[in-house]
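Biologist: I would like a close look at a single part of this model. Please take one loop and then work outwards from there.

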Amino acid sequence: MVAKIRSAFSVAMTEYVKWITNPRIIIVGILLIFIWTLAISPLQERALNYGESLNIFEPFIATGNSGILVMLIPSVYLILLSDYPVISRNTMLIISRTGRAPFFIGHLIFIAMTIVTYLGVLLLFSCIITGGTVSAEWSDVVTKYESVFPAEAGNFTSQLLPSNLYNQIPMTSALFHTTVLLALYLYLIVMIIYLFKMLHLRSAGLYTAVSVIAIGTATCSLNIPIMWAFPMANTIIWLHYTEILREPIYPIWCTYLYFGVLCTAITVANIIVARKMSLSNTDPEEE
């Protein structure tokens, strides 16, 4: 058992080092520029106008509740993980030495490490660049700005942290839900890629993952009920609540049930395919 655990962590660390040193990781820097432009800078301008500081966590919450950024975040992650898992002759040799279970578990650990790293960078960047105060409460910049500057009500910046969010749930809950739901969204996307890749249908996996993101974005933009069938709407917290009344449009527990069922199903499907995958069948693209 100890040997299998060591093998799993060895697989995870090997893949993680390759992932973190891949030149493709530079695309995260481009995403950070978008986050700065679309979320952090507009909120900082509000803070400057209001004369008080933001809560350092508010721009990250805004990032995870912006339709544009919630489209970009999984898209960039999809690009970063699009080559994984590599199914080559060398991979089959590793599987034959470590065993299927340690190899698969190692990749699950690797996925968890990438998600934590990816979201950790976004959170840390937002906090450092914002440079506001640390508090468990929403700042007055968010909750009272429109009452002081009513002419700016309803503009783009107001939609970053709408009243549907700060009127309905505490800031700490918003931070928790934003982080966890983004992580579940990323996990679902990458496991779709893994499933099709082990079936040697890499292109089909990428098309499926892109379609999930694209259709989710389109249905959210149209605000039609079918949007709840896709992860994007479930990830954006403020969509779950009405603007004033404390009545959810779509209960948050339903979202966790949604992700729980889908993530469990896709994980089980990956386990089944991993067990049946032939060690003599490799992907020609990886040779």
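In which loop does His200 lie?

Modeller: This is a predicted model. His200 lies in the loop between α10 (171-198) and α11. The backbone there has a positive phi of about 60 degrees, although His200 is not a glycine. His200 counts as partly exposed because its relative accessible area is 22%, and that class lies between the buried limit of 20% and the exposed limit of 50%.

The helix after this loop, α11, covers residues 202-222. Beyond it comes Asn223, in the loop between α11 and α12 (231-235). Asn223 also has a positive phi, near 55 degrees, in a residue other than glycine. With a relative accessible area of 54%, Asn223 is exposed, since exposed means over 50%.

Helix α11 also takes part in a pocket. The largest pocket has a volume of about 340 Å³. It is lined by 16 residues, and the closest to its centre are Asn65, Ser66, Gly67, Ile68 and Trp238. Two elements, α4 (67-81) and α11, give two or more residues to this lining.

On the other side of α10 in the numbering is helix α9 (residues 163-166), where Ser163 has its place. Ser163 is buried because its relative accessible area is 12%, and buried means under 20%. Leaving aside residues up to four places away in sequence, Ser163 touches Gln168 and Glu243.

Notes. Residues are numbered from 1 along each chain as its sequence is written. This is a predicted model: local features need pLDDT of at least 70, side-chain atom pairs count only at pLDDT 80 or more; totals for chains, interfaces and linings use all residues. Side-chain values use heavy atoms; hydrogens and water are left out. Helices (H or I, at least four residues) and strands (E, at least two) are DSSP runs, numbered from the N terminus. Buried means under 20% relative accessible area, exposed over 50%, partly exposed in between (1.4 Å probe, protein chains only). Contact means heavy atoms within 4.5 Å. On a 1 Å grid over the protein atoms alone, a cavity is a set of points where a 1.4 Å probe fits but cannot get out, and a pocket is an open set with protein on both sides within 12 Å along at least five of seven lines; lining residues have an atom within 4 Å of a point. Grid points are joined across faces, edges and corners, and a volume is the space filled by probe spheres set on the points.
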